[in-house]
Amino acid sequence: MNLAWWWMPLVLIPVVLVIAGLGWWLAGRESAKGDSVPVAHTRRLTRLPAYRAALGRQQMRLVGLAVIVGVTLLPLTIAAARPGTEQTIDPEKRNRDIMLCLDVSGSMFATDRAVLNNFSEIVKNFEGERIGLMLFNNQTVTAFPLTDDYELVSEQLEGYADGFSYYSDSEYDPVTGTANPRIPASSLVGDGLASCVQGFDHADEERPRAVILGSDNEVHGSGVYTLGEAADLAKENNVRVYALNPMAQGSNHAQLSEATERTGGRAWALDSSGSTEDVTESIEELETARLPDVAPVHVRTDLPTVPMVLALLGLLCLYPLLWWWRR
């Protein structure tokens, strides 16, 4: 939180003190000009316990009044200075959708947790994009749709990652609904990728879209789409595909690389150390090239609630004190 007009308290507080001092001085002069009568030998009166007690009560009243007035005026000067938060919004990123697409077949079970952890690290480096997650084996389910609620995204990714532990008690089961026993196939990467491409909403809007695919491309059986046909579908819908492969070798990885490059994306090896900075930077670099040149927007949100409430509480305390004083 910061103050838009930081100089306002520096100006108002001295002004208030000067006005209060001037008022005190003028009040003293008026009292001196009044119809006062000099009285001799008043020291005995001022030494009386009752007089001293009354004087102490008067001093306490003045101190209490000064404190309450200060507690009231200080928040008002802060509110006048416009406390609030500032944020720079990049419209380019807020128009971008990224679908995380994970192969949860048996050949991936041992590495899916690492893939999800990589997904989680990649998401931490994004800001403003909408993120979604879809899981597939021989059929695809949506773990969570596209959202910019990053707290939810992190919670879901961590939950599904824990679900791949052999001794997990996680409430998230990443394989439920992904294996249809009536389909004699598994790890249908083409169908999974096609489903992820079709999982984007607002099809009528021109939004940069990307799929991050986690798969070893070890297909068993045949589905509706081959990997090449799914890549063509992605290209047709202007969706770039990026892949993370825990088994980045042989013909399977070569096919995955060729398919992703056809969409304008790339395929990377998922290395055991989980380094994702290069992946994230490469995705950002490739994606930035097709984003419109839109200047960032600076947004300020005023937050006067707290100082105004404190000032109101000060006033609520001031009026009973003045009433009690008049008695």
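# A tour of the predicted model

Begin with Asp97, which stands opposite Arg130 in strand 4. This is a predicted model, so keep that in mind along the way.

**Stop 1: strands 3 and 4.** Select residues 97–103, which make up strand 3. Now add strand 4, residues 130–136. Strands 3 and 4 pair in the parallel sense, over 7 bridges. Stay on strand 4. Are its residues buried or exposed? In strand 4, 7 of the 7 residues are buried, so the strand is largely enclosed by the rest of the structure. Look at its two faces in turn. Arg130, Gly132, Met134 and Phe136 lie on one side. Ile131, Leu133 and Leu135 lie on the other. Both faces are covered.

**Stop 2: the whole sheet.** Zoom out to the open sheet of 6 strands. In what order do the strands run? The order is 5-4-3-6-7-8, and the pairing is mixed. Pick out the edges: strand 5 (140–147) and strand 8 (267–269) each pair on one side only. Turn the view to follow the twist, which averages 15 degrees from one strand to the next.

**Stop 3: strand 7 and its partners.** Select residues 239–245 for strand 7. Then add strand 6, residues 209–214. Strands 6 and 7 are joined by 6 bridges and pair in the parallel sense. Find Gly214: its bridge partner in strand 7 is Leu244. Next, show strand 8. It runs parallel to strand 7, with 3 bridges between them. Here Ala243 stands opposite Ala267 in strand 8. How many residues of strand 7 are buried? The count is 7 of its 7, and the strand is mostly covered. One side carries Val239, Val241, Ala243 and Asn245. The other carries Arg240, Tyr242 and Leu244. These residues are all buried, and both faces are covered.

**Stop 4: helix 5.** Select residues 109–124. Helix 5 has 16 residues and reaches 24 Å from its first C-alpha to its last. That is close to the 22 Å expected at 1.5 Å a residue. Which residues of helix 5 are buried? Colour Asp112, Val115, Leu116, Asn118, Phe119, Ser120, Ile122 and Val123. An α-helix has 3.6 residues a turn, so residues three or four places apart point the same way.

**Stop 5: the largest pocket.** Select Val16, Leu17, Val69, Gly70 and Leu73. Of the 14 residues that line the largest pocket, these lie nearest its centre. The volume of this pocket is about 260 Å³. Show helix 1 (8–33) and helix 3 (49–80): each supplies at least two residues of the lining. Which helix gives the most? Helix 3 does, with 8 residues. By class, the lining of the largest pocket has 12 nonpolar residues, 2 polar and no charged.

**Stop 6: Ala80.** Stay on helix 3 and select Ala80. At 27% relative accessibility, Ala80 counts as partly exposed. Add Trp6, which is 74 residues away along the chain. The C-alpha atoms of Ala80 and Trp6 are separated by 9.4 Å.

**Stop 7: the second largest pocket.** Select Phe200, Ala203, Arg209, Asn237 and Val239. They lie nearest the centre of the second largest pocket, which is lined by 13 residues. Its volume is about 200 Å³. What classes of residue make up the lining? There are 5 nonpolar, 3 polar and 5 charged residues.

Terms used: Residues numbered from 1 in each chain as written. Predicted model: local features only at pLDDT ≥ 70, side-chain atom pairs only at ≥ 80, totals over all residues. Heavy atoms only, no water. 1 Å grid on protein atoms, 1.4 Å probe; cavity = no way out; pocket = protein on both sides within 12 Å on 5 of 7 lines; lining within 4 Å. Points joined across faces, edges and corners; volume = space filled by probe spheres on them. Helix = DSSP H or I, 4+ residues; strand = E, 2+ residues; numbered from the N terminus. Nonpolar A, V, L, I, M, F, W, Y, C, P; charged D, E, K, R; others polar. Pairing = 2+ DSSP bridges. Axes fitted to C-alpha atoms, helices over the stretch in contact; angles between N-to-C directions. Expected span 1.5 Å × (residues − 1). Buried < 20%, exposed > 50% of the residue type's maximum accessible area, 1.4 Å probe, protein only.
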